[in-house]
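Q: I'm new to this structure and would like a close look at one part of it. Could you walk me through the place where the two chains meet, and what lies around it?

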Amino acid sequence: MSTAELLSVVPDSPVLSGLILFVIALLLLYLARAPSHRAIRSLGAVLHSAMRIASRSVLRTEQYLVERNREVLLAAGREAVERSIEREFQRVDAVVKRDLSAYPALQLKLSEQITLIDEDYRESTELPPPPPAWVGAVEAVANIQPQGDGTVADILMEIQESTEKQYKKAMNDYRDSMGARHALLKRMMPHWRKLAETLYKVGKNITGLQERAKVIDRRMDEYEQIRARSVRAQQTLTSSSMTQFVISGFVLLIAFGGAVINFNLIALPMSEMVGGASYIGKYPMASVAAMVIILLEVSMGLYLMESIRITNLFPIIGSMDDRMRKKMIWITFAILLVLACVESSLAFMREQIAADTEALRQSLTSSETIQPVNSWIPTVGQMVMGFILPFALTFVAIPLESFVNASRTVGGVVAAMVLRWIAFMFRLLGNTAKYASEFLVDVYDVLIFPPLWIEKYAFHRASEEQVHSQEGGI
Amino acid sequence: MKKYLVILTILGACLFFVSCSDMSSHSRGVYLLMDTSGTYKSELKKACGIVYYLLGTLKPGDSLGVARIDTGSFSEKDIIAKKTFDNRPSVSNQQKRLFKERVDKFVGSVKGSPYTDISGGILQAVEYLNETGAGKKYILIFSDLKEDLRKGYIRNFDIEMPGVHVVALNVTKLRSDNVDPREYLNRLEYWQKRVQDGGATWRVVNDLERLDTILVDG
């Protein structure tokens with residue numbers, strides 16, 4: 001028996017059958033109204049509660065993540081500031097060691113110069129004027145009146161001449177003495193200059209130290225703010241992380257371009273060494289070998305940068321004792337040098353293979369052999385590039401470290417945003433479920449409106465009758 | 001404990017590389033059959049162009065065989081040149097030069113054959129390609145596909161060649177084809193059916209300006 005046959009209550013009259021079925025359905029729905037309403041509302045409430053719980057849980061995770069991000073950010077910022085302060089102190093230490101360690105010697109030098117200047121000054125002091133008695137005798141002789149006595153006149157003349165001579169001699173002596181004193185004063189000049197220079201140097205060093213001290217003060221302020229977990233410090237660090245992320249990402253992209261060039265430079269000649277027909281997965285062995293060499297170069301570069309303490313990706317390398325670290329520097333540098341030489345040779349071989357293949361192709365197409373102009377230039381260029389690129393790739397370690405550090409913060413921020421969005425979606429779905437259940441309840445009532453209307457009418461009548469009977473009783 | 005960890009790590013790395021290494025061959029094997037029958041001998045210069053193209057295209061590790069189709073083609077004597085190129089590009093280039101010389105020499109001194117045994121040539125090609133162990137196998141038939149067997153030669157059996165790509169090149173129209181083109185179409189249909197029944201794929205490339213479409217799968 002088919003469904004259509006089952007549903008046909010009155011055979012050959014589908015409209016009547018449908019009507020009867022509709023009435024039965026209405027009655028059934030009316031009878032099941034209260035439990036249906038409860039079921040729909042319960043379903044809405046269950047969904048609403050589940051979504052709310054899920055949303056709250058996700059929000060809690062988001063808060064945990066935000067807290068963790070804050071910790072990471074502050075820890076990274078604190079570490080960076082600590083390193084910066086440490087570096088500033090190292091500079092101050094260097095200045096102190098370089099300049100102020102020589103301070104006793106400088107002081108000795110200064111006192112020597114001062115002594116020399118003092119001696120010169122003392123020597124250059126003016127001689128005492130001629131004794132006043134001599135001046136008095138001259139004046140007495142000069143006051144004697146001429147009395148016509150020739151002898152006296154002669155004597156006086158002699159005295160005058162002798163006095164003039166003495167005067168000239170005294171003047172000459174005085175001039176000589178003055179000259180000598182001036183010479184002494186002139187000799188003092190270089191000492192003065194030297195003294196001024198020395199004092200200028202001391203002043204400069206002191207100013208440098210003062211500037212360093214100002215920088216340290218600033219860094220210490222930052223450090224204090226980070227330790228105090230201030231909002232300003234967090235905002236500054238977040239912004240700094242974002243900037244670092246973008247910049248380091250950009251530099252890494254450039255480095256990636258360099259690595260791709262490097263790869264193309266050595267992939268073809270690698271097939272001479274490892275064969276052109278072997279494969280790892282779906283990749284030719286030569287390409288994989290070239291990639292491995294490039295990755296080795298990058299790794300060696302990382303180790304080198306770690307050993308020099310430019311980066312701090314592997315704390316175990318940074319914490320090695322200096323002797324071991326120096327050994328590591330030399331070993332990594334030697335490996336890099338060998339790899340650079342290998343790459344340079346491969347670049348040369350690449351040119352040879354390319355030229356040979358081109359010659360073969362030309363012979364196959366029967367075209368005339370065309371000699372490229374200055375054919376040594378690309379060969380040398382490729383060899384130089386092959387030598388330089390491994391060393392250039394070494395510096396990838398610096399942006400890589402910045403990128404790794406910044407991506408922790410940026411990744412955390414993005415993850416928190418995603419979680420917030422998921423929580424919002426849960427909340428939205430929960431509320432939608434709640435109001436959808438209310439809507440369904442109303443739709444249910446709309447579907448069974450005839451019995452409801454009858455019920456309302458009957459109830460109204462019954463209540464009116466009750467009121468009338470009560471009024472009649474009264 | 002540390003020692004064991006190191007040994008385990010090394011073993012793991014070895015296993016990883018072994019599991020990653022692709023055991024299937026990536027090399028290509030190409031076998032070119034050149035029809036040297038009287039009606040087709042004049043087309044051999046074009047076949048030379050195809051050989052040059054193949055020499056320029058095939059990579060180190062690939063295999064190339066060139067054979068003639070004559071009265072009885074199922075014979076090693078009909079192979080003009082065959083080589084699996086060395087893995088090193090420099091050596092491979094040298095081998096290609098020698099290969100070219102051999103083919104040039106053959107084309108310069110070839111004499112027309114009275115009969116055309118295409119089936120024998122295909123059998124020989126399948127045998128050679130299976131021996132090379134190439135991952136992708138191509139049989140190029142440079143012929144008008146008009147088989148003309150000497151009396152007594154039996155070739156009316158299925159040729160098993162699963163995974164082989166058969167490409168008919170420069171299938172010229174004969175004078176009789178012009179009178180009744182159905183002959184030409186029937187000839188193509190016959191070979192297509194025969195090849196596909198053997199488990200191979202079938203293609204026809206008549207435009208030799210589009211040689212780059214020869215070594216394309218399916």
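A: Here is a walk through the meeting place of the two chains, then the packing and the charged pairs around it. Keep in mind that this is a predicted model.

Let's start with the contact itself. On the chain B side, 17 residues are in contact with 17 residues of chain A. Put together, the two chains bury about 1,500 Å² between them, and 57% of that area is on carbon and sulfur atoms.

What about charges across the boundary? The rule finds one salt bridge between chain B and chain A. Its partners are A:D356 and B:R97, whose side chains meet with N and O 2.7 Å apart. As for polar contacts, five residue pairs count between the two chains. On the side of chain B that touches chain A, the elements giving two or more residues are α2 (44–57) and α3 (89–109) of chain B. Of these, α3(B) gives the most, with six residues. Sorted by class, that side of chain B has five nonpolar, seven polar and five charged residues.

Now for the nonpolar packing. In soluble globular proteins, nonpolar side chains tend to be buried together. Here the largest nonpolar core has 35 residues, and the ones that touch the most other members are B:L32, B:I50, B:L64, B:L140 and B:L169. This core draws on both chains: α10 (322–364) of chain A supplies at least two residues, and so does each of β1 (28–35), α2, β2 (63–69), β3 (79–84), α3, β4 (136–142) and β5 (164–169) of chain B. The largest share, eight residues, comes from α2(B). So α2(B) turns up twice, on the side of chain B that touches chain A and in this core, by the way elements are assigned here.

For a closer view, pick B:L140. Leaving out residues up to four places away in sequence, B:L140 touches B:V30, B:Y31, B:L32, B:L33, B:I50, B:L54, B:V167, B:L169 and B:I214. There is also a second, separate core of 26 residues, which includes B:Y31, B:L33, B:A67 and B:V126.

Back to α10 of chain A, since it feeds the largest core. A:D322, in this helix, pairs up with A:R309 in a salt bridge whose closest N and O atoms are 4.0 Å apart. A:R309 lies in the loop between α8 (285–307) and α9 (315–318) of chain A, so the pair ties together parts that are 13 residues apart in sequence. A:R309 is partly exposed at 44% relative accessible area, and A:D322 is partly exposed too, at 43%.

A:D322 also forms a salt bridge with A:R325, this time with the closest N and O atoms 3.1 Å apart. Both residues lie in α10 of chain A, three residues apart, which is about one turn of the helix. A:R325 is buried, with a relative accessible area of 11%.

Elsewhere in chain A, salt bridges that share partners join A:E67, A:R70, A:E71 and A:R229 into one network. Another pair, A:D173 and A:K169, has its closest N and O atoms 3.9 Å apart. These two lie in helix α6 (residues 150–227) of chain A, four residues apart, and A:D173 is partly exposed at 42% relative accessibility. Over all chains, the count comes to 23 salt bridges.

Technical notes
Residues numbered from 1 in each chain as written. Chains lettered and ligands numbered in written order. Predicted model: local features only at pLDDT ≥ 70, side-chain atom pairs only at ≥ 80, totals over all residues. Heavy atoms only, no water. Contact = heavy atoms within 4.5 Å. Buried area = accessible area lost by both parts, 1.4 Å probe. Polar contact = N/O pair within 3.5 Å; in protein donor to acceptor, adjacent residues only side chain to side chain. Nonpolar A, V, L, I, M, F, W, Y, C, P; charged D, E, K, R; others polar. Core = buried A, V, L, I, M, F, W, Y, C linked by side-chain atoms within 4.5 Å. Buried < 20%, exposed > 50% of the residue type's maximum accessible area, 1.4 Å probe, protein only.
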